[in-house]
Amino acid sequence: MWNKSLETGIRELDLQHQELLEIANELERCVNDGNPHRAWQEVLPRLSGYALFHFATEENLLIGLPSVAKELAAHIAEHRTFATKVEELRTSAPDLDGLREFIDYLQKWLVAHIGHSDQALVALVSAAHRTCKNRTA
Ligand SMILES: [Fe+2]
Ligand SMILES: [Fe+2]
């Protein structure tokens with residue numbers, strides 16, 4: 001599912017996005033194997049932990065840049081909505097149909113969020129850093 005159009009220009013973020021998409025593939029394998037229990041025992045906890053780690057990486061890029069405070073709040077809200085959805089599923093009973101539905105949401109969310117919100121965030125961070133540099137030059 002990874003392709004160049006999802007690149008942000010920050011290698012660390014791109015690698016983390018690839019890992020998130022790989023976890024989505026792993027969930028699909030659980031569906032294909034008819035094994036929702038593995039998803040609940042191994043893959044959903046991994047998704048939950050890795051997503052929080054990744055979100056913190058992104059949010060830290062914006063913290064301390066006052067010119068993007070509004071965008072940071074909106075971006076954090078998107079992350080929180082996603083994290084809540086993962087926690088709802090993770091704490092529910094293992095169920096193949098529920099997992100299928102969630103994978104559909106997950107794939108769409110990742111592509112839309114990376115392709116729009118994350119790329120916009122990186123553009124803002126770059127612009128804010130350029131402004132800072134110009135001021136101190
Ligand atoms: Fe991201
Ligand atoms: Fe993000």
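## The turn after helix α2

Just after helix α2, the residue G64 adopts a positive phi of about 95°. This is a feature of a predicted model, and what follows should be read in that light. G64 also appears in the lining of the largest pocket, where L65, P66, S67 and V68 are listed with it.

Helix α2 itself covers residues 36-62, a run of 27 residues, and from its first C-alpha to its last it reaches 37 Å, which is close to the 39 Å expected at 1.5 Å a residue. Within α2 there is nevertheless a kink of about 40° at V43, and the proline P45 follows shortly after that position.

## Overall architecture

The protein contains four helices and zero strands, and read along the sequence it follows the pattern α-α-α-α. Along its principal axes, the C-alpha trace spans about 60 × 30 × 20 Å.

In an unreviewed entry, UniProt lists residues 8-124 under "domain: Hemerythrin-like". Over that stretch of the model the chain is 85% helix and 0% strand, and the C-alpha atoms at its two ends are 12 Å apart.

## The iron site

The iron ion (ligand 2) is coordinated by E58 through OE, by H75, H79 and H113 through NE2, and by D118 through OD, at 2.0 to 2.2 Å. In sequence, these donor residues of the iron ion (ligand 2) are spaced E-x16-H-x3-H-x33-H-x4-D. Because H79 lies in helix α3 and D118 in helix α4 (residues 96-136), this pair of donors ties together parts of the protein that are 39 residues apart in sequence.

A second iron ion (ligand 1) accompanies this one, the two being 3.5 Å apart, and E58 coordinates both.

## The enclosed cavity

The structure holds one cavity of 30 Å³ or more, and the volume of the largest cavity is about 40 Å³. Its lining consists of S48, A51, L52, F82, A83, V86 and E87. Helices α2 and α3 (69-90) each supply at least two of the residues in this lining, while the largest share, four residues, comes from α3.

Which classes of residue surround the largest cavity? By class, the lining of the largest cavity has five nonpolar residues, one polar residue and one charged residue.

## The largest pocket

The largest pocket has a volume of about 160 Å³. Besides the residues from G64 to V68 already mentioned, its lining includes L124, A127, A128, T131, C132 and R135. Sorted by class, the lining of the largest pocket has seven nonpolar, three polar and one charged residues.

Key:
Residues are numbered from 1 along each chain as its sequence is written. Chains are lettered from A and ligands numbered from 1 in the order in which they are written. This is a predicted model: local features need pLDDT of at least 70, side-chain atom pairs count only at pLDDT 80 or more; totals for chains, interfaces and linings use all residues. Side-chain values use heavy atoms; hydrogens and water are left out. The expected span of a helix is 1.5 Å times one less than its number of residues. The bend at a residue is the angle between axes fitted to the seven residues ending there and the seven starting there. On a 1 Å grid over the protein atoms alone, a cavity is a set of points where a 1.4 Å probe fits but cannot get out, and a pocket is an open set with protein on both sides within 12 Å along at least five of seven lines; lining residues have an atom within 4 Å of a point. Grid points are joined across faces, edges and corners, and a volume is the space filled by probe spheres set on the points. Ala, Val, Leu, Ile, Met, Phe, Trp, Tyr, Cys and Pro count as nonpolar, Asp, Glu, Lys and Arg as charged, and the others, Gly among them, as polar. UniProt positions are given in the numbering used here, feature names are shortened, and annotations may be inferred rather than shown by experiment. Donors are N, O and S atoms within 2.8 Å of the metal (3.2 Å for Na, K and Ca); water is not among the atoms, so sites may look incomplete.
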